[in-house]
Amino acid sequence: MTDIPAPQQATTAQSGPLEDRAGSPEAVSEARGNRILQVLVAATFVVILNETIMVNAIPRLMTEFDVTARAAQWLSTAFMLTLAVVIPMTGWFLQRVTTRAAFTTAISLFLAGTVLATLSWTYPVLLVARVVQASGTAVMMPLLMTTLLTIVPAERRGKTMGNVTLAMAVAPALGPAVSGLLLQLGSWRWIFAVVLPIAGAMLLVGLRWLVDVGEPKPGSLDLVSVALAALGFGVFVYGLSQIGADSSAGGLPAVPCIVVGLAFVAAFGWRQVRLQRSETPLLDLRTLRVRTFTISLALMCLSFMALMGVMITLPLFLQNVHGYSPLMTGLLLMPGGLVMGLLGPKVGSLFDQHGARVLVVPGSALLVAVLAGFATITQDSPAWWLLSLHVLMSVALAMIFTPVFTVGLGALPMRLYSHGSAVLGTLQQVAAAMGTAIVITVMSVRAASLVAHGTDQVAALSAGIRWGMAFGAAVAVVVLVLAFFMPATAQSSTDGPDGPDEHAAPQDSAAEERVSVA
């Protein structure tokens with residue numbers, strides 16, 4: 001293992017004067033905390049937007065680079081897969097570097113990937129650029145969640161998390177709409193070129209206003225764990241993408257890849273359990289011993305799997321079946337993202353007042369109904385019906401995401417916040433990649449079968465997409481079942497892996513115990 005020394009802490013003076021803030025240390029800390037979150041939320045919104053921003057461009061890229069739908073969907077799958085491979089390291093990484101160092105690393109990687117994507121001249125180069133972009137995104141998401149849990153007291157987390165939903169949930173929903181508008185205006189390269197100055201501005205603002213939260217700790221990086229995580233998640237998702245693939249087109253067989261990938265994942269988990277004895281795991285799996293966190297984790301992953309299945313197939317349906325332009329497709333998908341953003345703070349306030357179950361159960365039931373509706377769409381389905389379904393799906397996900405994020409991560413003791421964020425982020429992205437791969441496979445297999453029996457291409461694709469949506473509806477049924485196991489109130493989500501956390505700061509403690517400003 002390689003020893004990584006902890007960075008030197010900056011002085012308080014470097015972060016700006018505190019004396020100009022009137023009031024108690026609590027007020028000073030809250031003002032600083034709000035500024036930190038504003039910077040991180042804005043940056044996270046920009047980087048997460050790129051997770052789904054390529055969805056609308058897939059038909060055009062298939063033509064320009066002469067690749068199949070299965071190959072083109074790897075622009076999204078590879079992004080999510082990279083997140084799944086890199087995020088396990090962030091639990092360790094965020095405990096070893098300062099907030100400013102983590103932020104700078106994340107945005108710099110994202111900028112480098114965006115520049116490469118803008119200049120891409122072949123499909124493989126574009127794919128590599130997406131991987132570099134995702135590496136920066138993988139650091140930003142856990143950084144936001146860990147910082148939020150550290151500086152926001154429990155009684156205000158629901159409302160704060162509702163605002164953070166703008167970045168964590170609305171950005172992926174708006175991706176297709178933004179890309180549709182840009183594709184209408186010009187080349188697909190505008191999708192990346194427009195993001196460049198925005199990301200650059202985020203870096204400058206972050207370096208100006210961001211301060212360090214908490215104190216880095218010296219530690220070591222277990223390279224064996226890094227290798228096992230990369231091989232396990234990478235080979236597993238690749239195997240999923242090969243299900244139903246034409247064997248004559250090359251590539252490794254699906255089932256052996258899935259089995260080998262799962263074996264590496266199991267070996268990774270076994271090694272983390274061993275390393276926990278010396279307090280040096282890459283990813284601390286003691287988070288999974290917290291029942292509330294585990295239920296929230298499963299519910300979030302399955303919800304995200306269903307969401308990504310819809311986000312990858314709905315633009316294909318609108319453009320290739322209905323014949324809508326990228327701009328029209330983007331406009332149809334935009335209201336849903338806006339609704340989710342507007343509902344986020346309201347859902348957060350309701351959660352603070354009434355707890356999680358009263359929101360998550362109805363939201364899950366609505367998700368089942370909406371995805372069942374998507375499974376019945378045809379070539380003759382009117383635009384208003386597709387728009388209504390998408391908006392209702394956004395309402396359902398808004399009712400699910402904010403309470404589940406808040407309850408699940410809030411159930412952990414403070415010492416496991418960064419690892420809990422990493423576990424959630426890792427499995428969420430694996431689930432998203434699984435959902436994308438499985439839905440594309442179901443769609444492709446069904447469409448190919450119908451074409452072989454004489455059905456025309458458009459009707460076959462429409463039927464294949466319905467089958468993919470039906471898979472999403474089946475996943476949503478499991479989400480609904482899990483929703484009934486969520487805590488009835490927010491207060492019931494304070495247990496640690498061995499009961500209540502004895503090391504966490506009391507909720508009524510001074511703010512300087514929650515925030516250490518370097």
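**View 1. Helices and strands across the whole protein.** This predicted model has 18 helices and 4 strands. If you count up its 518 residues, 58% of them are buried. Now take the contacts between residues at least 6 apart in sequence: 83% of these join residues at least 24 apart. As for the outside, the accessible surface of the protein comes to about 19800 Å², and carbon and sulfur atoms account for 67% of that area.

**View 2. A close-up of A437 in helix 16.** Start with the helix itself, which runs over residues 417–452 and has A437 among its members. Is A437 buried or exposed? Its relative accessibility is 1%, so A437 counts as buried, the cut-off being under 20%. Look next for L240, which sits 197 residues from A437 along the chain. In space, the C-alpha atoms of A437 and L240 are separated by 6.0 Å.

**View 3. A close-up of S225 and its contacts.** Here we move to helix 10, made of residues 223–241, where S225 is found. With a relative accessible area of 0%, S225 is another residue to file under buried. Which residues does S225 touch, once its neighbours within four places in sequence are left aside? The list is F268, R271, Q272, L275 and L282, each in contact with S225. To find your way around this view, pick out S225 in helix 10, then trace from S225 to its contacts, including F268 and L282.

Conventions
Residues are numbered from 1 along each chain as its sequence is written. This is a predicted model: local features need pLDDT of at least 70, side-chain atom pairs count only at pLDDT 80 or more; totals for chains, interfaces and linings use all residues. Side-chain values use heavy atoms; hydrogens and water are left out. Helices (H or I, at least four residues) and strands (E, at least two) are DSSP runs, numbered from the N terminus. Buried means under 20% relative accessible area, exposed over 50%, partly exposed in between (1.4 Å probe, protein chains only). Contact means heavy atoms within 4.5 Å. Accessible areas come from the Shrake-Rupley method with a 1.4 Å probe; for residues, only the protein chains shown count as cover.
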